[in-house]
Amino acid sequence: MKLLLFGAPGSGKGTQAEFLKARYGIPQISTGDILRAERRAGTELGRRAQEYMDKGLLVPDEIMIGIIRKRLREPDCERGFMFDGFPRTVPQAEALDAILAEMGRRFDRVLYLKAPPEELVARLAGRLTCPACGRTYHPVFNPPAAGNKCLLDGTELVQRTDDTEEVARERVNVYLTETLPVLDFYRARGLVTEIDAMASIEDVRTQIERAVEERAA
Ligand code: AP5
């Protein structure tokens, strides 16, 4: 299964990726997670990315495309993959298309998690993240264990540095201007299924499952 989770910051891509990884046995390729791991490791790439991430801006295309080209050659991608957070610009989509074509592969489905922009900032500014496993929570929409601990591993949750209200607003603006046009790229290829991302987490999961299974049938 080769899937792309597409949607604004806060639309629920990471939340649903958790379930999809287990359900279909495919790796999640989250460029945000890759960049945060580079930051934690203190690499040159991580330092460069931090300047953009902390302002809510996109990291330059050539850096991101290089990361993806390398990641797709790793053995766990042989059975399939699920992209989350890439592509985020039309040049990234075009480059990914060319890389996949070279490998004789293509997406089975693009799942567009549609949510009104004004709802997203509240989700992002309230999000809590587990620094150990990356799972995300929200005090109202997806509560963690008592004392703000991860339900899976008991680690104390943290707030991402780009989850302040101001940076979240900027990320949503950047999405609307630079990323939303990517949807037309995939619509032209007949790959997009719209998912109502304002439904409950369980309901979004059901909609995704239905879309993927209709495609596979
Ligand atoms: P990245 O890490 O990709 O962040 P993002 O796209 O901003 O996505 P998020 O992780 O914030 O949102 P999500 O949709 O996964 O939401 P979640 O499921 O957690 O990117 C970070 C930065 O890295 C970028 O700003 C950029 O600088 C850089 N970058 C990354 N990729 C790049 C690229 N390709 N090119 C250039 N730069 C790049 O859910 C959010 C909250 O809502 C949670 O609290 C959750 O519990 C809650 N929630 C989820 N679903 C629901 C629901 N159905 N109902 C109610 N609440 C819900």
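**Group meeting talk: a walk through a predicted model**

Hi everyone, let me begin at the outside: the accessible surface of the protein comes to about 10600 Å², and 50% of that belongs to carbon and sulfur atoms. Please keep in mind that this is a predicted model.

Now the overall build. The protein has nine helices and seven strands. Its radius of gyration is 17 Å, close to the 17 Å that the globule rule gives for 217 residues, so the protein is as compact as a globular protein of that length. If you like to think in boxes, the C-alpha atoms fill one of roughly 50 × 40 × 35 Å along the principal axes. Of the 217 residues, 47% are buried. For those of you who think about contact maps: take the contacts between residues at least 6 apart in sequence, and 71% of them join residues at least 24 apart.

Let's turn to the sheet. In what order do the five strands of the open sheet lie? The order is 2-3-1-4-7, and the pairing is parallel. Strand 2, at 28-30, and strand 7, at 192-196, are the edge strands, each pairing on one side only. On average, neighbouring strands of this sheet are turned by 20 degrees against each other, direction ignored.

I'd like to stay with strand 4 for a moment. On one side, strand 4 (residues 109-114) runs parallel to strand 1 (residues 2-7), and five bridges join the two. Within that pairing, leucine 4 stands opposite valine 110, and phenylalanine 6 has tyrosine 112 as its bridge partner. Strand 4 is also joined to strand 7 by five bridges, again running parallel. There, leucine 113 has isoleucine 195 in strand 7 as its bridge partner. Is strand 4 enclosed or open, and why? Five of its six residues are buried, so strand 4 is largely enclosed by the rest of the structure.

That brings us to the packing. In soluble globular proteins, nonpolar side chains tend to be buried together. Here, the largest nonpolar core has 54 residues, and those with the most contacts inside it are Leu72, Phe83, Leu96, Phe107, Leu111, Tyr186 and Ile208. Take leucine 96 as an example: leaving out residues up to four places away in sequence, leucine 96 touches Ile68, Leu72, Phe83, Phe86, Pro87, Phe107 and Tyr186. Apart from the largest core lies another one, of five residues, among them Leu128, Cys130, Cys150 and Leu157.

Two backbone details before I stop. You just heard Phe86 and Pro87 in the list for leucine 96. What kind of peptide bond joins phenylalanine 86 and proline 87? A cis one, with omega at about 0 degrees. Proline 87 is found in the loop between strand 3 (81-84) and helix 5 (90-102).

The other detail is asparagine 148, in the loop between strand 6 (136-137) and helix 7 (165-179). Its phi is near 55 degrees, a positive value in a residue other than glycine. With a relative accessible area of 37%, asparagine 148 is partly exposed.

Thanks for listening, and I'm happy to take questions.

Terms used: Residues numbered from 1 in each chain as written. Predicted model: local features only at pLDDT ≥ 70, side-chain atom pairs only at ≥ 80, totals over all residues. Heavy atoms only, no water. Pairing = 2+ DSSP bridges. Helix = DSSP H or I, 4+ residues; strand = E, 2+ residues; numbered from the N terminus. Axes fitted to C-alpha atoms, helices over the stretch in contact; angles between N-to-C directions. Rg over C-alpha atoms; globule rule 2.2 N^0.38 Å. Buried < 20%, exposed > 50% of the residue type's maximum accessible area, 1.4 Å probe, protein only. Contact = heavy atoms within 4.5 Å. Areas by Shrake-Rupley, 256 points an atom, 1.4 Å probe, with all protein chains shown as cover. Core = buried A, V, L, I, M, F, W, Y, C linked by side-chain atoms within 4.5 Å.
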